[in-house]
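Student: Could you take a close look at one part of this model with me, the surface and what lies exposed or covered along the chain? I would enjoy one connected walk through it.

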Amino acid sequence: MIVAVSVLAILAGIFLIAAVAFAALYFRERDKDPGNAADKVRIIGGVRYSVDDALVREGEANVTLQKNDFVLKSGVTYVAKKGEGLLPGTYTVLAASDAAHSFKLRAGGLVRTFEHGDSLVLADGEEVCAVSCNVILR
């Protein structure tokens, strides 16, 4: 009888230590989750911005990349094709730089000035190139 109680007490102690360890791991990983950083994201005009503490003092913000965003690097030509990285369709164009509110894109062979938040329609096989700065297609 004493042996059974001792074994149960040891097992209960091991279970308690394991539960505390798993709880500590859970809370540590939960705090690392970027989904809990909702207070660090602002939505201005339908665009998600991450707030950097250094820039908050100056009243500026950075555009946060979201899933399915496509970054056009300045000077690189991309082709919209089905099954490739850049798909044909309608995109919202966003300047990747805080300083640029208007920027130039070459789409369909013509260079045009776009404003942050304008729409761009790309047909299958159409080329697009960011001319003045990096651009995010959302």
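Tutor: Gladly. In this predicted model, the chain has an accessible surface of about 9500 Å², and carbon and sulfur atoms contribute 59% of that area. On the covered side of the account, 22% of the 138 residues count as buried.

Part of the surface is a nonpolar patch made of Val3, Val7, Leu8, Ile10, Leu11 and Ile14, which together offer about 610 Å² of accessible area. Let us pick out Leu8 from this patch: Leu8 sits in helix 1, which spans residues 2-32. Leu8 counts as exposed because its relative accessibility is 57%, and the cut-off for exposed is over 50%.

Helix 1 belongs to a chain with 2 helices and 11 strands, and their order from the N terminus is α-β-β-α-β-β-β-β-β-β-β-β-β. Among the strands, strand 9 (residues 119-122) shows two faces: Leu120 and Leu122 lie on the covered one, while Ser119 and Val121 lie on the uncovered one. Strand 9 runs antiparallel to strand 6 (residues 89-95), and 4 bridges join the two. Within that pairing, Val121 of strand 9 has Thr90 opposite. Across the chain, 58% of the contacts with a separation of 6 or more are between residues 24 or more positions apart.

Finally, the cysteines. Cys129 is buried because its relative accessible area is 4%, and Cys133 also counts as buried, at 13% relative accessibility; the cut-off here is under 20%. As for disulfides, the count comes to 0.

Methods:
Residues are numbered from 1 along each chain as its sequence is written. This is a predicted model: local features need pLDDT of at least 70, side-chain atom pairs count only at pLDDT 80 or more; totals for chains, interfaces and linings use all residues. Side-chain values use heavy atoms; hydrogens and water are left out. Patches are made of residues with over 30% relative accessible area and no salt bridge: like charges are joined within 9 Å, nonpolar side chains (Val, Leu, Ile, Met, Phe, Trp, Tyr) within 5 Å. Accessible areas come from the Shrake-Rupley method with a 1.4 Å probe; for residues, only the protein chains shown count as cover. A salt bridge is a side-chain nitrogen of Lys or Arg within 4 Å of a carboxyl oxygen of Asp or Glu. Buried means under 20% relative accessible area, exposed over 50%, partly exposed in between (1.4 Å probe, protein chains only). Two strands pair if DSSP finds at least two bridges between them. A disulfide is a pair of cysteine sulfur atoms within 2.5 Å. Contact means heavy atoms within 4.5 Å.
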